[in-house]
Amino acid sequence: MAPICCNVCVFTDNSCRLWDCETGKQLALLQTSSAVRTCGFDFSGNIIMFSTDKQMGYQCYLNFFDLRDPQQIEDNQPYLSVPCSESKITSAVWGPLGEFVIAGHENGEINQFSAKSGEILKKAKEHTKQINDMQSSVDLTMVISASKDNTAKLFDSTSLEHIKTFKTERPVNSAAISPIMDHVVMGGGQEAMEVTTTSTRIGKFEARFFHAAYEEEFGRVKGHFGPINCVAFHPDGKSYSSGGEDGYVRIHYFDPQYFDFELEA
């Protein structure tokens, strides 16, 4: 039997859904008590995790389903459900080999949750405000976090050791690590509720590029006329995409000079 290429998506209708990427067919529907905030497959593609919001009297949960057990899907019962009563999860990614999930929280804390027991394995508290986004490096050895405290930070995935900090003047909504260069891209801008009173120039809605080793900004890309909510590199590293509050998704292809650029230390 040929393997199925799948994707898992979150919805604000209190559900998490599994899809066949080739046909667009919905494979599974998991109902929740509150909105689903973040989700993802483990290294093997057999385990999915997703977190629910703290709202409507329900607390945040981090749920784990094993897709090899159809009964879990049929009964809508995860094999592990971890309550997060102190601070809700706002973003999460899998660690190497699917042994744990790295979750960013509303209070700026980062926790490692065991995928077997739900136990918190390690903690880090380098951010002072909410973490808006977390993304992994291509080899899963590092994660980058984007925060409302106007910074993005690079961490070792296994030890949660803080490696680098990238500073801006506005909240950072999303950050990504290049798969081929020592670069990170960050997007954000002022709070969306303040956009109508501020010009594009003052709002700082550009995507910003930093050198991952030197922590120095070396480039900006304009285009959005509202805060950037998400950025991501293409797997080949030759382009990146950004999605903004303005309703546009922009795909940017790098010029040849980008790959020859060297930052002077």
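**Exercise 1. The enclosed space**

Task: In this predicted model, how many cavities of 30 Å³ or more does a search of the whole structure find? Then describe the lining of the largest cavity.

Solution:
- Step 1. Count. The search of the whole structure returns one cavity of 30 Å³ or more.
- Step 2. Get the volume. The largest cavity comes to about 70 Å³.
- Step 3. List the lining. Thr168, Arg170, Pro171 and Val172 take part, along with Met186, Gly187, Gly188 and Gly189. Lys204, Glu206 and Arg208 complete the list.
- Step 4. Assign elements. Strand S17 spans 183-188. With three residues, S17 gives the most to this lining.
- Step 5. Sort by class. The lining of the largest cavity holds three nonpolar, four polar and four charged residues.

**Exercise 2. The open space**

Task: What is the volume of the largest pocket, and which element provides the largest share of its lining?

Solution:
- Step 1. Get the volume. The largest pocket measures about 850 Å³.
- Step 2. Look at the centre. The pocket is lined by 31 residues, and Val93, Asp133, Met134, Gln135 and Ser136 are the closest to its centre.
- Step 3. Find the contributing elements. Two or more lining residues come from each of S4 (36-41), S8 (89-94), S12, S16 and S20 (228-233), which are strands.
- Step 4. Pick the main one. S12 supplies six residues, the largest share of the pocket lining. This strand covers 131-136.
- Step 5. Sort by class. The pocket lining divides into 16 nonpolar, twelve polar and three charged residues.

**Exercise 3. Serine 178**

Task: Is serine 178 buried or exposed, and which backbone nitrogens does its side chain reach?

Solution:
- Step 1. Place the residue. Serine 178 sits in the loop that joins strand S16 (172-177) to strand S17 (183-188).
- Step 2. Apply the cut-off. Buried means under 20% relative accessible area. Serine 178 has 7% relative accessibility, so it counts as buried.
- Step 3. Check polar partners. The serine 178 side chain comes to 3.3 Å from the backbone nitrogen of isoleucine 180. A polar atom of that side chain is also 3.0 Å from the backbone nitrogen of methionine 181.
- Step 4. Look further along the chain. Once neighbours within four places in sequence are set aside, serine 178 contacts His183, Phe233 and Tyr258.

**Exercise 4. Positive phi**

Task: Asparagine 76 and leucine 140 each have a positive phi. Where do they lie, and how exposed are they?

Solution:
- Step 1. Recall the background. Most residues other than glycine have a negative phi.
- Step 2. Read the angles. Phi is about 60 degrees at asparagine 76. At leucine 140 it is about 65 degrees.
- Step 3. Place them. Asparagine 76 belongs to the loop between helix H1 (70-75) and strand S7 (80-84). Leucine 140 belongs to the loop between strand S12 (131-136) and strand S13 (142-147).
- Step 4. Classify exposure. Partly exposed runs between the 20% and 50% cut-offs. Asparagine 76, at 24% relative accessibility, therefore counts as partly exposed. Leucine 140, at 22%, therefore counts as partly exposed.

**Exercise 5. Annotated repeats**

Task: Where does UniProt place the feature "repeat: WD", and what is the helix and strand content of each span?

Solution:
- Step 1. Take the record. The unreviewed UniProt entry puts "repeat: WD" at residues 124-165 and 221-251.
- Step 2. Analyse 124-165. This span is 0% helix and 55% strand, with its end C-alpha atoms 14 Å apart.
- Step 3. Analyse 221-251. Here the content is 0% helix and 52% strand, and the end C-alpha atoms lie 11 Å apart.

Definitions and conventions:
Residues numbered from 1 in each chain as written. Predicted model: local features only at pLDDT ≥ 70, side-chain atom pairs only at ≥ 80, totals over all residues. Heavy atoms only, no water. Helix = DSSP H or I, 4+ residues; strand = E, 2+ residues; numbered from the N terminus. Buried < 20%, exposed > 50% of the residue type's maximum accessible area, 1.4 Å probe, protein only. Polar contact = N/O pair within 3.5 Å; in protein donor to acceptor, adjacent residues only side chain to side chain. Contact = heavy atoms within 4.5 Å. 1 Å grid on protein atoms, 1.4 Å probe; cavity = no way out; pocket = protein on both sides within 12 Å on 5 of 7 lines; lining within 4 Å. Points joined across faces, edges and corners; volume = space filled by probe spheres on them. Nonpolar A, V, L, I, M, F, W, Y, C, P; charged D, E, K, R; others polar. UniProt positions renumbered as here; feature names shortened; annotations may be inferred.
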